[in-house]
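Please look over the structure below with its aromatic side chains in mind. The questions that follow take up ring pairs, their placement and their burial.

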Amino acid sequence: MKTTSLLSITILSTIVSGILNYIYHPFMLQYMDIVTYAEFESLLGLFSILGVITSSIWYFLVKEILARKDSWSINNFVFFSITQYLVITGIILYILYLVFVPIISQLINISNYWAIAIVGITLILSFFGISSNSILQARQSFVVIWLNSILSALLKIIIAGIIGIFWITLINAVWSFILTSILTSWWIFFYVWLLLRDWKKPSKEEKQDFKKDFINEKTNLWYFFWVSIVLAFLMNIDVVL
């Protein structure tokens, strides 16, 4: 695809997804009172902070896949082997997150423990989707990425609208956000699965090289992780608190 075409699609998709995301907030306000909406916005800020926990791993995977552009076996290894460990990591972190729900409740001044607990599911979803998104980014599948951003923004509105027709509470609103993440994560996962299912597995040497690179990059990954967390916190602190 030509550079001009990529630029045009990028601008168009950014505008469309931006408009849809902008519409989402006043759209939700129609179904909530001011207090519930303020709590929901705080939880969305918490979503954003939790979502960047996987950023350092995403950075590493994209870097490694880009360094091995011609090796589809590494893509296969990342998708079919690494994903299961990432999901387990996400589940463990979610369990730890649940322990701190009472503390988080006090910090953000929201008494609904269930709503805060549901927000934490984004940890599992982030770790589940990181391999798929890294592969698409590294392989420059920009059209799929852009379509996903538009689809995600559109689904948020549709699902919230369906729930709003019946009965919307803080927990239902949070579930609508989580359900959108589940649907978009799964369709991206399925797309990458179709892309890689017929490719061979990597050799032992390739796996060892991959693991060595991870060990060598540990310091940089920790640095990138903490910088991402601090930036996400600073960008959302006014909403969360």
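Q: In which helix do Trp 186 and Phe 189 both lie?
A: In this predicted model, Trp 186 and Phe 189 are three residues apart, about one turn of the helix. The helix that holds both of them spans residues 170-196 and is helix 9.

Q: Is the aromatic pair of Trp 186 and Phe 189 stacked or edge-to-face?
A: The two rings are 5.4 Å apart from centre to centre, with 75° between their planes. Planes over 60 degrees apart count as edge-to-face, so the pair formed by Trp 186 and Phe 189 is edge-to-face.

Q: Which residue is buried, Trp 186 or Phe 189?
A: Buried means under 20% relative accessible area. Trp 186, with a relative accessible area of 49%, is partly exposed, whereas the value of 18% makes the buried residue Phe 189.

Q: Which residues form one aromatic cluster with Trp 186 and Phe 189?
A: The cluster takes in Trp 186 and Phe 189, the pair from helix 9. The other members of this one aromatic cluster are Phe 79, Phe 80 and Phe 128.

Q: How many aromatic pairs does the structure hold?
A: Among the pairs is that of Tyr 94 and Tyr 97, which is stacked because the ring centres are 6.3 Å apart and the planes stand at 20°. The structure holds a total of 11 aromatic pairs.

Q: What is the relative accessible area of Tyr 97?
A: Tyr 97 is separated from Tyr 94 by about one helical turn, because the two are three residues apart in helix 4. Tyr 94 counts as buried at 16% relative accessibility, and Tyr 97 is buried with a relative accessible area of 7%.

Key: Residues numbered from 1 in each chain as written. Predicted model: local features only at pLDDT ≥ 70, side-chain atom pairs only at ≥ 80, totals over all residues. Heavy atoms only, no water. Phe/Tyr/Trp six-rings, centres within 6.5 Å; stacked < 30°, edge-to-face > 60°. Helix = DSSP H or I, 4+ residues; strand = E, 2+ residues; numbered from the N terminus. Buried < 20%, exposed > 50% of the residue type's maximum accessible area, 1.4 Å probe, protein only.
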